[in-house]
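Hi there,

Here is the structure I promised to pass on. Have a look at it first, and then read on for my notes.

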Amino acid sequence: MKLCSPEAQALPPSNFKTAPRPETLAGLRVGFLDNTKPPADKVMAHLDQRLRERFPGAQSFYVSKTAASVPATAEMMQSLKLNCDVVITGFGD
Amino acid sequence: MTAPFTALARNQSKVFGLPNMQAAIMPHPLGGLPVPQVIAKVDAVFDEIVAKLTRPLPKVPVEAKLAKSLWVEVDVKDEWDDLQKFFMERGWGDGMLAMPPTEARVAAMVGGSGFPPNHVVATLAPKMGVATIELIAANAVMAGCKPMHMPLLIAAVQAMAEEQFNLYGIQGTTHPVSPLMIVNGPLAATLGIHSGSGLFGPGPWSNGVVGRAIRFILLNIGGAKPVEMDKATMGHPGKYTYCMAENEPASPWPSLAADRGFDPGVSTVTMTGSEAPHNINDHDSTCAGGVLLMCFHTITETGQNNVNHPGEPMLILGPEHAATIAKEGYTKDDVKRAIYEEARIPLTYFSEEQIERRLTRYLPKRFKDRHRSDAMVPLAQRWEDVMVLVAGGTGKHSMYVPTFGSTRSVTRAVLKPDGTPWKPEDFK
């Protein structure tokens, strides 16, 4: 029996050129993208504190989404790109 | 992230072009835990996070660019037992019997659309699957639809793909939400979409198969496979099927489609990201104020997203309740205003953690009176965001349908390929 698969193929992803990885975070700008799911703000703040303790001169840059269930805006992503060397975010609950 | 979300995150990072995204996985949950326990979990993966930020990304394996075959040869001895087992093993179905999408059936279904089979209607999150007419048709066959239902399904897919609907959020969330299809206009009767007694339940109408086809499309084209990608904690029965028509003949007011500017002869599909309906039982009120009061105090629930998201809470009035309200001169807008102004929840009904972690963060303006002991919380940002419909049959019941909150409903006309509306006479 010949059947039509109901499953779709996905659009091929656009090519992403990733930023070069640093060897250390000392003196770098670490971005935190808060997905607003509690307790993301506490997680980010604690990571920020520990990174500053481990890596002297590290700076932090925070961006918070407006709600957990909507994507970060293009403006938010651009601000992270311009102001950060690395970015940490959370996913899900 | 926590472990249960790993598959979804990996899938999405691949879909959006970062297949080698680095992640630190923690035991679930983080939400709902006291802060010291959250900090302990974060500390446990801190070194891993630092390592993954400072070492080269692993190389992405090059996948053979082999498109999955659209047509599958299936060798089965028994069409029902073996075939149904095949569907479940592939994750194509919903656990109930599905119609085999054979060449003849799919071709007939495509014929009902008026479009060529390879016409692309939209891409659907989270997989960003390409929804062609042929794929929509295959899912419609499996769900038990007839070719005449294809125009509704096409309009529904278009609506769900619009950015404001936020299908991505709806497909992956832990929240119990399912797209509800609301049909307006003359095609509701022509295509068998029931609006009267028992409309949310089983019966000799097409609501079940059309709503089921939507779910199959979301499952197979959108890729929201349960547990792995669709993270619904429990979900709700509307995730099997969720389709209705507004009972326009029984309504004392203009229809939802008319509110949104569509001409009377144009049939529409409105998609809303909705929870399961909640009954409002009022057999005794004889005036508008009484019915509305019963509505207000049924719908003022703390555990709904309309409290802390800019959504569109929906009231479906049964015809008898609607008549009681309308006979005193209330318009639909009057009902919406009344709900917005009167259906409010004391802030003291929410936990301190809810207020601190969610309410005041998500909607600071709505909760600007946070420190007042008599602060009351509305269910919408403005009265215009309240949706009011009339549906159902005999009896003094109405329904409240909270929505996902992070979604706006979308209404699309049901159109032919040439852009003109489908009419009942097209289906004779």
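**The open sheet in chain B**

In chain B, four strands make up an open sheet with mixed pairing, in the order E5-E4-E6-E13. Its edges are strand E5 (243-245) and strand E13 (410-413) of chain B, each of which pairs on one side only. From one strand to the next, the twist averages 25°. Please keep in mind as you read that this is a predicted model.

Within that sheet, strand E4 (residues 178-184) of chain B pairs with E5(B) in the parallel sense, over three bridges. If you want a place to start looking, find Ile182(B), which stands opposite Met244(B) in E5(B). H7(B) lies across E4, strand E6 (268-274) and E13 of chain B, and runs at about 50° to E6(B).

**Chain B as a whole**

Stepping back, chain B has 15 helices and 13 strands. Its C-alpha atoms fill a box of roughly 70 × 65 × 40 Å along the principal axes. Does the radius of gyration of chain B, which has 428 residues, agree or disagree with that of a compact globule? It agrees, because a compact globule with 428 residues would have a radius of gyration near 22 Å and chain B has 24 Å. Of the 428 residues in chain B, 45% count as buried. Taking the contacts in chain B with a separation of 6 or more, 80% are between residues 24 or more positions apart.

**A covered helix**

I would look next at helix H6 (residues 133-143) of chain B, which is mostly covered: eleven of its eleven residues are buried. Among them are Ile133(B), Glu134(B), Asn139(B) and Met142(B). What covers the buried residues of H6(B)? The cover includes strand E1 (2-4) of chain A, and from chain B it includes helix H5 (103-111), strand E2 (120-124), strand E3 (129-132), helix H7 (150-161) and helix H10 (207-220). Just after H6(B) comes Gly144(B), with a positive phi of about 100°.

Two of those covering strands also belong together. E2(B) and E3(B) run antiparallel and are joined by four bridges, with Thr123(B) standing opposite Val130(B) in E3(B). They form a hairpin with four residues between them, and Met128(B) in the turn has a positive phi of about 60°.

**Where the two chains meet**

The contact between the chains takes 63 residues from chain B and 40 residues from chain A. On the side of chain B that touches chain A, the residues divide into 38 nonpolar, 15 polar and ten charged. Strands pair across the chains as well: E1(A) and strand E1 (residues 71-73) of chain B are antiparallel, with three bridges. There, Lys2(A) stands opposite Glu73(B) in E1(B).

One more residue to find is Phe91(A), in the segment after strand E4 (86-89) of chain A. Is Phe91(A) buried or partly exposed? Phe91(A) has 18 C-beta neighbours inside 10 Å, and a residue needs 20 or more to be buried, so Phe91(A) counts as partly exposed. Leaving aside neighbours within four places in sequence, Phe91(A) is in contact with Asn35(A), and from chain B with Met1(B), Phe5(B) and Ala9(B). Phe91(A) and Asn35(A) are 56 residues apart in sequence, while their C-alpha atoms are 7.1 Å apart in space.

Best wishes

Technical notes. Residues numbered from 1 in each chain as written. Chains lettered and ligands numbered in written order. Predicted model: local features only at pLDDT ≥ 70, side-chain atom pairs only at ≥ 80, totals over all residues. Helix = DSSP H or I, 4+ residues; strand = E, 2+ residues; numbered from the N terminus. Rg over C-alpha atoms; globule rule 2.2 N^0.38 Å. Buried ≥ 20, exposed ≤ 12 C-beta atoms within 10 Å, placed from the backbone. Contact = placed C-beta atoms within 7 Å. Nonpolar A, V, L, I, M, F, W, Y, C, P; charged D, E, K, R; others polar. Pairing = 2+ DSSP bridges. Axes fitted to C-alpha atoms, helices over the stretch in contact; angles between N-to-C directions.
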